[in-house]
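The exercises below are to be worked with the sequence and the coordinates open. Each task is followed by a solution in steps.

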Amino acid sequence: SSSTRCHMTMSSMFPPATTDSDEEDNSDSSTKPIRSEKKKNPASLFQTGGTPPKEKKTKKKAPPKVAESEEETPETPQKNSNKKGKGKKSKKLKEERPPSPIIEVDNLEEFVLRPAPQGVTIKCRVTRDKKGMDRGLYPTYYLHLDNDKKVFLLAGRKRKKSKTSNYLISIDPTDLSRGGENFIGKLRSNLMGTKFTVFDNGVNPDRANADWSNVRQELSAVVYETNVLGFKGPRKMTVIIPGMNADNERVPIRPRNDNDGLLMRWQNKNMDNVIELHNKAPVWNDETQSYVLNFHGRVTHASVKNFQIVHGSDPDYIVMQFGRVADDAFTMDYNYPLCAVQAFAIALSSFDGKLACE
């Protein structure tokens, strides 16, 4: 019963804030807030190029844009859009969930590790498959582009005999083995299940070759903090990613041991070539008695898992957002400097069992 109770408290959280009109979404709402009067080019937020970014003591909070009213127009049709009626569905999706711009996925392995192009929001959909014998405990998660072609990008599943949560990420939906050539990365948690590290498919430092070129890179780390309500209130997430160099490429972070990874660097405030991001704080809405965030029509169901990731210096630029649109379907949109593997792994971390109910 505790799990159902927990679920109920959560489902009352983060109802989707609606926008005045969803037409604006076609112009890529998440990159839109970068207005011309802003001198800052969002790319400059992530450039480290070797010089340590100056430490920011306080985080200025811009008033988040949330809708005052609860005109849940998308809600009702959205529920029906899970039906198989093909013709209707795509029209509905266009109204409620503006799809991804046309994105060419020529080489899947390259694409999923390449940062999103600047100024383009890559809009995706995550589906959770719980069918089958142990899928209830170890569901498989699939990532597709959220467009007409529904191009497959990644699959992920938790490994079974692992002391800590350990998710394998693959570029083949049918091959989720560690040894396969489709293995592209993994997400590993600490024992508490509150800190996660994302690796690419390089080797463990113990098996390094002479010049360390084959050693795995750390692509991201995620830290969840409890607040006064435990995990029942809005979660606080810190996301740590490698910075970008002058050519807008990710600075490779190849730790030689566990004391040199993104989490340790962040804990020791050694932020050379490392960027710290946070989830945007939702705002309490008295009218609906719940926390709200504006997802610009991309999220329709309230869930504790819904989040937006931003940089402290520009809370209007959404680096990534994730939210529920059906029981086992979620939208996941990401912008420069993230790549698909980073964003998908960050999303997978939010599904992990320890966080679901405290």
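**Exercise 1. A salt bridge at D352**

Does D352 count as buried or exposed? Find its salt-bridge partner as well, and place both residues in the fold.

Solution. The model is a predicted one.
- Step 1: The cut-off for a buried residue is a relative accessible area under 20%. D352 has 0% relative accessibility, so it counts as buried.
- Step 2: The side chain of D352 meets that of K158 in a salt bridge, with 3.4 Å from N to O.
- Step 3: D352 sits in the loop between α7 and α8 (353–356), while K158 belongs to strand β4 (residues 152–158). The pair therefore ties together parts that are 194 residues apart in sequence.
- Step 4: K158 has a relative accessibility of 22% and counts as partly exposed.

**Exercise 2. Other salt bridges**

State how many salt bridges the structure holds, then describe the one between R128 and D328 and the one between R265 and D260.

Solution.
- Step 1: The structure holds six salt bridges.
- Step 2: In the pair R128 and D328, the closest N and O atoms are 2.7 Å apart. R128 is in strand β2 (residues 122–129) and D328 is in the loop between β14 (314–326) and β15 (329–334), so this salt bridge ties together parts that are 200 residues apart in sequence.
- Step 3: R128 is buried at a relative accessible area of 14%, whereas D328 is partly exposed at 28%.
- Step 4: R265 and D260 meet through their side chains at 3.2 Å, N to O. R265 is buried, its relative accessible area being 16%, and D260 is partly exposed at 24% relative accessibility.
- Step 5: D146, R298 and D333 are joined into one network by salt bridges that share partners.

**Exercise 3. The nonpolar cores**

Which residues touch the most other members of the largest nonpolar core, and what does Y334 contact?

Solution.
- Step 1: The largest nonpolar core has 57 residues, and V112, L154, M320, M332 and Y334 touch the most other members.
- Step 2: Helix α7 (residues 340–351) supplies the largest share of this core, nine residues.
- Step 3: Beyond its neighbours within four places in sequence, the contacts of Y334 include F111, A116, V120, I122, V319 and M320. C124, C339, A340 and A343 are also among them.
- Step 4: Two of these contacts are cysteines, C124 and C339. C124 is buried at 0% relative accessible area, and C339 is likewise buried at 0% relative accessibility. A search of the whole structure finds zero disulfides.
- Step 5: A second, separate core has nine residues, including A221, I253, L263 and M271.

**Exercise 4. The surroundings of N166**

Where is N166 placed, and which residues does it contact?

Solution.
- Step 1: N166 is in strand β5 (residues 166–170).
- Step 2: The relative accessible area of N166 is 6%, so it is buried.
- Step 3: With neighbours within four places in sequence set aside, N166 is in contact with R157, K158, R159, K186, L187 and R188.
- Step 4: The side chain of N166 also makes a polar contact with the side chain of S162, at 3.4 Å.
- Step 5: V198 lies 32 residues from N166 along the chain, and their C-alpha atoms are separated by 9.9 Å.

**Exercise 5. Backbone geometry in loops**

What is the peptide bond from Y336 to P337, and what are the phi values of K150 and N273?

Solution.
- Step 1: The bond from Y336 to P337 is cis, with omega near 10 degrees. P337 is in the loop between β15 and α7.
- Step 2: K150, which is not a glycine, has a positive phi of about 50 degrees. K150 is in the loop between β3 (140–145) and β4 and is partly exposed at 34% relative accessibility.
- Step 3: N273, also a residue other than glycine, has a positive phi near 60 degrees. N273 is in the loop between α6 (262–267) and β10 (274–279) and counts as buried at 18% relative accessibility.

**Exercise 6. The protein as a whole**

How many helices and strands are there, and what percentage of the residues is buried?

Solution.
- Step 1: The protein has eight helices and 15 strands.
- Step 2: Of its 358 residues, 52% are buried.
- Step 3: The accessible surface comes to about 17300 Å², and 51% of it belongs to carbon and sulfur atoms.
- Step 4: Among contacts between residues at least 6 apart in sequence, 59% join residues at least 24 apart.

Notes: Residues numbered from 1 in each chain as written. Predicted model: local features only at pLDDT ≥ 70, side-chain atom pairs only at ≥ 80, totals over all residues. Heavy atoms only, no water. Core = buried A, V, L, I, M, F, W, Y, C linked by side-chain atoms within 4.5 Å. Buried < 20%, exposed > 50% of the residue type's maximum accessible area, 1.4 Å probe, protein only. Helix = DSSP H or I, 4+ residues; strand = E, 2+ residues; numbered from the N terminus. Contact = heavy atoms within 4.5 Å. Polar contact = N/O pair within 3.5 Å; in protein donor to acceptor, adjacent residues only side chain to side chain. Disulfide = S-S within 2.5 Å. Areas by Shrake-Rupley, 256 points an atom, 1.4 Å probe, with all protein chains shown as cover. Salt bridge = Lys/Arg side-chain N within 4 Å of Asp/Glu carboxyl O.
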